[in-house]
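User: Hi! I have a protein open in front of me and would love some help reading it. Can we go through it together?
Analyst: Happy to. Let's put it on the screen and take it one piece at a time.

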Amino acid sequence: MKIAVFDDYRVGVVEGDQIYDVSAAFPNASGAWPPIFMTQAIADWANVRAQVEQVRSQAKPIALSSVKLLPPNPCPVQLIAAPANYRKHIAEMGAMSVTKKGRSAREQGFFMKATSSLTGPARGIELPRGSTRRFDHESELAAIIGKTARNVRREDALDYVFGYSCLIDATMRIVKDVAEEERVMRKSFDTFTPLGPWIVTADEVGDPQGLSNQLFVNGECRQDANTRDMIVGVAELIELISSVMTLYPGDVIATGTPEGIGPIKPGDKVTIRIERVGEMTVDVRETDTVPPFLFEAAQA
Ligand code: MN
């Protein structure tokens, strides 16, 4: 099943190029803040799924192209991310990376992004107006947690996955020898985590370690990899993270980017395509206002 959130926080089931409004199965959808209805529904999925199927059977199709897609879980408890996680990407980062000496998540661990950085195709990515810094795309498979996970062994870990989604980990790069700001800040600008276009449930994906992972900027292929080349796979990431903290239903794990990262600028269209998951295009623009704290490429 492909589950999307659209327009004013409505919930839909996507089939082909149609979406079916199943909001009636989500009592707290559409309007209430914070929009925790999807987190709640994933936690109670055994019951909610039957209600979704019942509502779906009565629903009329809507053209998918006519709705505004929001992140499919707009308010997870946690948004967790792996650092450089494909061997070629670590090599290309070299001295630009804060990743120490090419170590992976296995040695370096994971980091957090603000959940408030989530966005969908309806809004896209907004770069801070007036900044002269470099902002990059990172094309990542997202795993969405399905049930509370603590100290889960890797051989059991995929039982804890609800589904998968496409995730762009937008990032303000450090300026070598000048600025090495905290990673959480550089990756947590509002709209720096496009997620979508839907969550596809894990039963439709199977093994997450054999999926092509591609990203295009204005139609030009920038990243072209396969999740089999991840250094620390989804199951081992869950083992690692759940050894530190409890993972909750609806939590989003960004599993790290392959090689081919590159800059994005206002006016770009960025498309992420992950096999058996989906394809999502987001526009890049500038924020409406110039922020009072300007991030500059070089400082006096
Ligand atoms: Mn990343």
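User: Okay, K2 caught my eye. Which residue does K2 form a salt bridge with?
Analyst: K2 pairs with E204, and the closest N and O atoms of the two are 4.0 Å apart. Keep in mind that this is a predicted model.

User: How many salt bridges are counted between domain 1 and domain 2?
Analyst: The count there is one salt bridge.

User: Where does each domain start and stop?
Analyst: The domain assignment puts residues 2-67 in domain 1 and residues 73-286 in domain 2. Taken over C-alpha atoms, the centres of domain 1 and domain 2 are 24 Å apart.

User: And how many residues are in contact across the two domains?
Analyst: On the domain 1 side there are 17, and they are in contact with 19 residues of domain 2. About 1300 Å² is buried between the two domains, with carbon and sulfur atoms giving 70% of that area. K2 turns up again here: together with T39 and I42 it supplies 45% of the area that domain 1 buries against domain 2, more than any other three residues.

User: Nice. Let's look at the strand that starts at residue 2. Is β1 largely enclosed or left open?
Analyst: Strand β1, residues 2-6, is largely enclosed by the rest of the structure, because four of its five residues are buried.

User: Which strands does β1 pair with?
Analyst: Its partners include β2 (residues 10-15), joined to β1 by five bridges and running antiparallel to it. Two bridges join β1 to β14 (residues 193-201), again antiparallel. With β5 (residues 69-70), β1 pairs over two bridges, also in the antiparallel sense.

User: Can you give me some residue pairs to click on?
Analyst: Sure! Try V5, whose bridge partner in β2 is V11. Then look at I3, which stands opposite I199 in β14, and F6, which stands opposite L69 in β5.

User: What happens at the turn between β1 and β2?
Analyst: That hairpin has three residues between its strands, and D7 takes a positive phi near 50°.

User: And how many residues sit between the strands in the hairpin of β2 and β3?
Analyst: Two, and in that hairpin G16 has a positive phi near 60°. β2 and β3 pair over four antiparallel bridges, and D21 in β3 is the bridge partner of G12. Going on from there, β3 pairs with β4 (residues 61-63) over three bridges, antiparallel as well. To find that pairing, look for Y20 opposite P61.

User: What about V22, just after β3? Is V22 buried or exposed?
Analyst: V22 counts as buried, because its relative accessibility is 0%. Its place is in the loop between β3 and α1 (37-43).

User: Which residues does V22 touch?
Analyst: Leaving out residues up to four places away in sequence, V22 touches V11, G12, V13, V52, V55 and R56.

User: Change of topic: the metal! Which residues are the protein donors of the manganese ion?
Analyst: They are E138, E140 and D169, which lie 2.0 to 2.2 Å from the ion. E138 and E140 use OE atoms, while D169 uses OD. Along the sequence the donors are spaced E-x1-E-x28-D.

User: Are E138 and E140 buried or exposed?
Analyst: E138 is buried, with a relative accessible area of 5%. E140 is buried too, at 0%.

User: What about β10? Which sheet is β10 in?
Analyst: It belongs to an open sheet of three strands in the order β13-β10-β18, with antiparallel pairing. β13 (171-172) and β18 (262-263) stand at the edges with a single partner strand each, so one side of each has no neighbour in the sheet. Between β10 (residues 135-137) and β18 there are two bridges, and H137 stands opposite G262.

User: Last one: how many residues of helix α7 are buried?
Analyst: Eight of its nine residues, so α7 (residues 234-242) is mostly covered. Among the buried ones are L237, I238 and I241. The buried residues of α7 pack against several elements, including β11 (139-145), β12 (161-168) and α5 (154-157).

Definitions and conventions: Residues numbered from 1 in each chain as written. Predicted model: local features only at pLDDT ≥ 70, side-chain atom pairs only at ≥ 80, totals over all residues. Heavy atoms only, no water. Donors = N, O, S within 2.8 Å, 3.2 Å for Na, K, Ca; no water. Buried < 20%, exposed > 50% of the residue type's maximum accessible area, 1.4 Å probe, protein only. Contact = heavy atoms within 4.5 Å. Pairing = 2+ DSSP bridges. Domains from an automatic or database assignment. Buried area = accessible area lost by both parts, 1.4 Å probe. Salt bridge = Lys/Arg side-chain N within 4 Å of Asp/Glu carboxyl O.
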